[in-house]
Amino acid sequence: MSKRAACLCLINAPLFRTMTTIQETKELFRRADAVCFDVDSTVIKEEGIDELAIFCGVGDAVREMTLKAMGGSMTFKKALTERLSIIRCSREQVNKLITDHPPQLTPGIKELVDRLHERNIKVFLISGGFRCIVEHVASQLNIPLHHVYANRLKFYFNGEYAGFDESQPTAESGGKGKVISMLKEQNGFKTVVMIGDGATDLEACPPAVSELMQ
């Protein structure tokens with residue numbers, strides 16, 4: 001987990017409360033119908049867009065924007081657009097990044113996800129990162145790809161960068177909350193836990209009525 005503030009949000013809990021102890025947190029997981037994880041600096045050690053920027057030789061120019069996006073000083077969509085306009089990665093570069101520098105799982109995350117699966121708790125990955133990278137992470141954790149919600153890069157036929165799919169909810173500020181609301185409506189979930197480390201994760205806390213800050 002990164003050193004930035006992490007949030008753990010209980011969606012549609014019957015009462016407002018702040019989870020403060022390990023025992024209470026364990027009870028929260030026991031009650032969950034589904035658990036949703038942010039990916040960058042949460043499920044994996046890295047920030048995917050920063051790694052892509054470094055790989056493409058523009059790491060320093062992008063890192064500051066990533067920090068601003070995580071802190072909430074600009075809209076997520078604006079930060080994403082500006083960072084990608086600097087990186088302008090090709091399809092080949094993205095594929096080579098995943099092959100040469102695959103994302104590294106945070107210690108203990110696979111055991112946690114395996115335990116959730118054993119308890120028949122649905123697990124989702126909801127990320128402002130890129131689906132091509134998040135799908136690789138999902139495969140490592142045995143999470144179905146239809147449980148992945150992330151941004152999609154677009155490329156021209158020759159493989160050059162062509163932008164990103166702006167219709168995805170995860171491309172917008174507040175998008176993770178929209179995904180959670182959709183999951184609840186589609187699946188009838190009563191208790192959904194969201195775990196993440198940044199401003200876009202906190203935005204999912206309405207409709208949450210309980211959260212843990214670390």
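# Burial, cores and salt bridges in a predicted model

Trainee: Is Ile 180 buried or exposed?

Mentor: The model is predicted, and in it Ile 180 has a relative accessible area of 1%. The cut-off for a buried residue is under 20%. Ile 180 therefore counts as buried.

Trainee: Which helix holds Ile 180, and how far in space is Ile 180 from Val 193?

Mentor: Ile 180 is found in helix α8, residues 175-187. Along the sequence, 13 residues separate Ile 180 from Val 193. From C-alpha to C-alpha, their distance in space is 9.3 Å.

Trainee: Which strand has the lowest confidence in the chain?

Mentor: The chain has a mean pLDDT of 82, with 79% of its residues at 70 or more. Confidence is highest in strand β6 (residues 153-155), at a mean of 97. The lowest mean, 39, belongs to residues 208-213, which form strand β9.

Trainee: How many contacts beyond near neighbours in sequence does the model give residues 1-7, and how many does it give residues 10-20?

Mentor: Both stretches have pLDDT below 50. For residues 1-7, the contacts beyond near sequence neighbours number 32. For residues 10-20, the number is 37.

Trainee: Which residues have the most contacts inside the largest nonpolar core?

Mentor: In soluble globular proteins, nonpolar side chains tend to be buried together. The largest nonpolar core here has 23 residues. Elements giving two or more residues to this core include α1 (22-31), β3 (34-37), β4 (122-130) and β8 (192-196). Within the core, the residues with the most contacts are Val 35, Phe 37, Val 43 and Leu 125.

Trainee: Which residues does Val 35 touch, leaving aside neighbours within four places in sequence?

Mentor: Val 35 is one of the residues with the most contacts inside the largest core. With neighbours within four places set aside, its contacts include Phe 29, Leu 116 and Lys 122. The others listed are Ile 121, Val 123, Phe 124, Val 193 and Ile 195.

Trainee: How many residues make up the second core?

Mentor: This core is separate from the largest one. Val 62, Ile 87, Val 94 and Ala 171 are among its members. Its residue count is 19.

Trainee: What span does helix α4 reach from its first C-alpha to its last?

Mentor: Helix α4 covers residues 76-87, which makes twelve residues. At 1.5 Å a residue, the expected span is 16 Å. The model comes close to that, with a span of 16 Å.

Trainee: Why do the buried residues of α4 lie on the same side of the helix?

Mentor: The buried residues of α4 are Phe 76, Ala 79, Leu 80, Arg 83, Leu 84 and Ile 87. They are on the same side of α4 because the arc they cover around the axis is only 120°.

Trainee: What is the phi of Arg 88, and where is Arg 88 found?

Mentor: Arg 88 comes just after α4, in the loop between α4 and α5 (91-100). With a relative accessible area of 48%, Arg 88 is partly exposed. Its phi is positive, in a residue other than glycine, at a value near 45°.

Trainee: Is Ser 41 buried or exposed?

Mentor: Ser 41 is found in the loop between β3 and α2 (48-55). Its phi is near 60°, again a positive value in a residue other than glycine. The relative accessible area of Ser 41 is 5%, so Ser 41 is buried.

Trainee: How far apart are the closest N and O atoms of Lys 78 and Glu 82?

Mentor: Lys 78 and Glu 82 are four residues apart in helix α4, about one turn. Lys 78 is partly exposed at 44%, and Glu 82 is partly exposed at 23%. They form a salt bridge with a closest N to O distance of 2.6 Å.

Trainee: What is the N to O distance in the salt bridge of Arg 63 and Asp 60?

Mentor: Arg 63 and Asp 60 both belong to helix α3 (residues 59-71), and being three residues apart they are separated by about one helical turn. Arg 63 is partly exposed at 34%, whereas Asp 60 is exposed at 66%. Their salt bridge has an N to O distance of 2.9 Å.

Trainee: How many salt bridges does a search of the whole structure find?

Mentor: One of them joins Asp 114 and Lys 110 at 3.2 Å, N to O. These two residues are four apart in helix α6, about one helical turn. Elsewhere, Lys 77, Glu 166 and Glu 172 form one network through shared salt-bridge partners. The number found in the whole structure is eight.

How values were computed
Residues numbered from 1 in each chain as written. Predicted model: local features only at pLDDT ≥ 70, side-chain atom pairs only at ≥ 80, totals over all residues. Heavy atoms only, no water. pLDDT = per-residue confidence, 0-100. Contact = heavy atoms within 4.5 Å. Core = buried A, V, L, I, M, F, W, Y, C linked by side-chain atoms within 4.5 Å. Buried < 20%, exposed > 50% of the residue type's maximum accessible area, 1.4 Å probe, protein only. Expected span 1.5 Å × (residues − 1). Arc of directions from axis to C-beta. Salt bridge = Lys/Arg side-chain N within 4 Å of Asp/Glu carboxyl O.
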